[in-house]
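Reader: I am new to this structure and would be grateful for a close look at one part of it, with the surroundings explained afterwards. Please take the answer slowly and say what each term means.

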Amino acid sequence: MNFKVILVGVIIFLIGLAGLLLLPLYFPNYSIVNNQYVKHYSTVTLPANAGKIVLTFIITKENDSIIAFIKSGNANVSIINGTPPFHVVCNKQGMVSLILSPGNYSMVIVNDESTPQNVTYTYGIFNAGFITSFYNGLGIITTIMEIIAVGGIALAFISLIYELLSIKRRKK
């Protein structure tokens, strides 16, 4: 009987699923990165077709990158250098992830809509090497856990099909 193999497939799936769901509890530095985003979680009310400076910040050699993204609302995130002549370093819909040279900068949330809206956003200022390796590692472990979960489901499904076919054959 393949019911044991089906059970093993379900257990493998549950291990992969648990690995994905419990990732924040065991992945190194997850709480550090998440706390930055939680600490800087904010909402801004923007008039139609307007922008607002929501942050002025200093980039150093140690903290040389910013990640900012929109949590709710439809807006752009712009990073502007903070010293004359002012110019837009980056302007993207929804999310910005940049390594910057040391200096002063401003973050602007821009409403491109023709109606006013409340926009919820967050950001974190990190060391570029740290945050790059964090997200690379997170991507790798997430992929591994997804492969384990899908492999478990595939094993259980194939075993179930095989078992159903063998039962049908035994009846003949």
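In which loop is N49 found?

Author: N49 is found in the loop between β1 (42–46) and β2 (50–59), where helices and strands are DSSP runs numbered from the N terminus, a helix being H or I over at least four residues and a strand E over at least two. Before going further, note that this is a predicted model, in which local features need a pLDDT of at least 70 and side-chain atom pairs count only at pLDDT 80 or more, while totals for chains, interfaces and linings use all residues. Residues are numbered from 1 along each chain as its sequence is written, and side-chain values use heavy atoms, with hydrogens and water left out.

What sets N49 apart is its backbone: its phi is positive, about 50°, although N49 is not a glycine. Most residues other than glycine have a negative phi. N49 counts as exposed because its relative accessible area is 56%; buried means under 20% relative accessible area, exposed over 50%, and partly exposed in between, with a 1.4 Å probe and protein chains only. N29 also has a positive phi without being a glycine, near 65°, and this residue lies in the loop between α2 (23–26) and α3 (30–39). With a relative accessibility of 35%, N29 is therefore classed as partly exposed.

On one side of the loop that holds N49 is strand β1, in which T43 has its place. T43 is exposed, at 51% relative accessibility. Apart from residues up to four places away in sequence, T43 touches N118, V119, T120 and Y121, a contact being heavy atoms within 4.5 Å. The C-alpha atoms of T43 and V119 are separated by 5.5 Å, although the two residues are 76 apart along the chain. The side chains of T43 and T120 also make a polar contact at 3.2 Å; such a contact is a pair of N or O atoms within 3.5 Å, where within protein one atom must be able to donate a hydrogen and the other to accept it, and residues adjacent in sequence count only if both atoms are side-chain atoms.

On the other side of the loop is strand β2, and here the aromatic residues come in. The structure holds seven aromatic pairs, a pair being rings of Phe, Tyr or Trp (its six-membered ring) whose centres lie within 6.5 Å, with planes under 30 degrees apart counting as stacked, over 60 as edge-to-face and the rest as tilted. F57 and Y105 make a stacked pair, because their ring centres are 5.8 Å apart and their planes meet at 25°. This pair links distant parts of the chain, since F57 belongs to strand β2 and Y105 to strand β7 (residues 103–111), 48 residues apart. Both F57 and Y105 are buried. The rings of F130 and F134 are stacked as well, because their centres are 6.4 Å apart and their planes are at 25°. Both of these residues lie in helix α4 (residues 128–171), four residues apart, or about one turn of the helix. F130 is partly exposed at 23% relative accessible area, whereas F134, at 5%, is buried. F130 and F134 also belong to one aromatic cluster with F27, Y30 and Y135.

Strand β3 (residues 65–72) holds S65, which is buried at 3% relative accessibility. A polar atom of the S65 side chain lies 2.9 Å from the backbone oxygen of F126. Beyond its neighbours within four places in sequence, S65 is in contact with several residues, among them I59, L98, G124 and I131.

Finally, these parts can be placed in the whole. The chain has four helices and eight strands, in the order α-α-α-β-β-β-β-β-β-β-β-α from the N terminus on. Its radius of gyration is 24 Å, well over the 16 Å that the globule rule gives for 172 residues, so the chain is more spread out than a compact globule; the radius is taken over C-alpha atoms, and the rule is 2.2 Å times the number of residues to the power 0.38. The C-alpha trace spans about 85 × 40 × 25 Å along its principal axes. As for confidence, the chain averages a pLDDT of 91, with 99% of the residues scoring at least 70, pLDDT being the predictor's confidence in each residue, from 0 to 100.
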